[in-house]
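The following paragraphs lead through a predicted model. Please keep the sequence and the structure in view while reading.

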Amino acid sequence: DVLVAQGNLPDALKAYRDSQTIFDKLAKADPGNAGWQRDVAISNERIGDIASKQGDTAQAKAAFERALGAYETLVARNPGDLPSLVNSVVPRWRLASLDPSNAKQHLQDALGILKPLAAQNRLDANRLKWIPQIESQLAALEGK
């Protein structure tokens with residue numbers, strides 16, 4: 001994160017890829033370890049963010065799809081895994097910008113996660129703010 005803050009995106013990307021390689025090996029060695037599976041998802045999100053900043057849409061999209069897949073696997077194994085469920089909104093939201101043909105679906109899926117959790121009072125204040133932001137993006141898409 002320091003490298004990103006310094007604007008050194010190539011070195012940051014290399015560091016995240018290196019850590020992703022390690023997390024992938026650990027996750028494959030112990031597929032039941034939710035922490036390592038989450039680390040795989042988070043490292044892919046970071047790779048996606050950097051690739052997006054560098055204008056590499058294809059790499060960013062692939063990284064966010066891998067992150068989403070990791071979160072979905074975690075939630076499928078443990079439907080009560082609130083952090084993974086909530087965190088799965090991040091790659092969906094990012095994919096909405098990177099995958100215009102499926103943007104509406106990504107945003108609707110994100111709201112489909114957040115709104116029921118908000119109704120159950122299971123979201124923190126920061127994540128509650130995501131709902132109107134995503135609704136606004138969705139409304140803009142539907143207005144086109």
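The axes of helix 2 (residues 9-29) and helix 3 come within 9 Å of each other, crossing at roughly 155 degrees. Because an angle over 145 degrees counts as roughly antiparallel, helix 2 is roughly antiparallel to helix 3. The crossing in which helix 2 passes helix 3 is left-handed. On the side of helix 2, the contact involves Leu9, Ala12, Leu13, Tyr16, Arg17, Ser19, Gln20, Phe23, Asp24, Leu26 and Ala27. Their counterparts in helix 3 are Trp36, Gln37, Asp39, Val40, Ser43, Asn44, Arg46, Ile47, Ile50 and Lys53. By character, the residues of this contact divide into 11 nonpolar, five polar and five charged.

Attention now turns to helix 6. Eight of the 10 residues of helix 6 (residues 89-98) are buried, and the helix is therefore largely enclosed by the rest of the structure. The buried residues are Val89, Val90, Pro91, Arg92, Trp93, Leu95, Ala96 and Leu98. What covers these buried residues includes helix 3 (34-53), helix 4 (57-77), helix 5 (82-87), helix 7 and helix 9 (130-142).

Helix 6 also takes part in the largest nonpolar core, as one of the elements that give two or more residues to it; the others are helix 7 and helix 9. This core has 17 residues, and those with the most contacts inside it are Val89, Leu107, Leu114, Leu123, Trp130 and Ile134. Helix 7 supplies the largest share of the core, seven residues.

Two of these residues, Leu107 and Ile134, illustrate how the core is joined. Leu107 is placed in helix 7. With a relative accessible area of 0%, Leu107 is buried, because buried means under 20%. Apart from neighbours within four places in sequence, Leu107 is in contact with Trp93, Ala96, Ile134, Gln137, Leu138 and Leu141. The C-alpha atoms of Leu107 and Glu135 are separated by 7.9 Å, although these residues are 28 residues apart along the chain. Ile134, with neighbours within four places in sequence again left aside, is in contact with Val89, Trp93, Leu107, Ala110, Leu111 and Leu114.

A contrast to the buried Leu107 is offered by Asn121, which lies in the loop between helix 7 (103-119) and helix 8 (125-128). Asn121 has a relative accessible area of 66% and is therefore exposed, the cut-off being over 50%. The phi angle of Asn121 is near 60 degrees, a positive value in a residue other than glycine.

Definitions and conventions
Residues are numbered from 1 along each chain as its sequence is written. This is a predicted model: local features need pLDDT of at least 70, side-chain atom pairs count only at pLDDT 80 or more; totals for chains, interfaces and linings use all residues. Side-chain values use heavy atoms; hydrogens and water are left out. Helices (H or I, at least four residues) and strands (E, at least two) are DSSP runs, numbered from the N terminus. Buried means under 20% relative accessible area, exposed over 50%, partly exposed in between (1.4 Å probe, protein chains only). Contact means heavy atoms within 4.5 Å. Axes are lines fitted to C-alpha atoms, for helices over the stretch in contact, and angles run from 0 to 180 degrees between N-to-C directions. Angles under 35 degrees count as roughly parallel, over 145 as roughly antiparallel, 65 to 115 as roughly perpendicular and the rest as oblique. A crossing is left-handed if the near helix is turned anticlockwise from the far one by less than a right angle, and right-handed if clockwise. Ala, Val, Leu, Ile, Met, Phe, Trp, Tyr, Cys and Pro count as nonpolar, Asp, Glu, Lys and Arg as charged, and the others, Gly among them, as polar. A nonpolar core is a set of buried Ala, Val, Leu, Ile, Met, Phe, Trp, Tyr and Cys residues joined through side-chain atoms within 4.5 Å.
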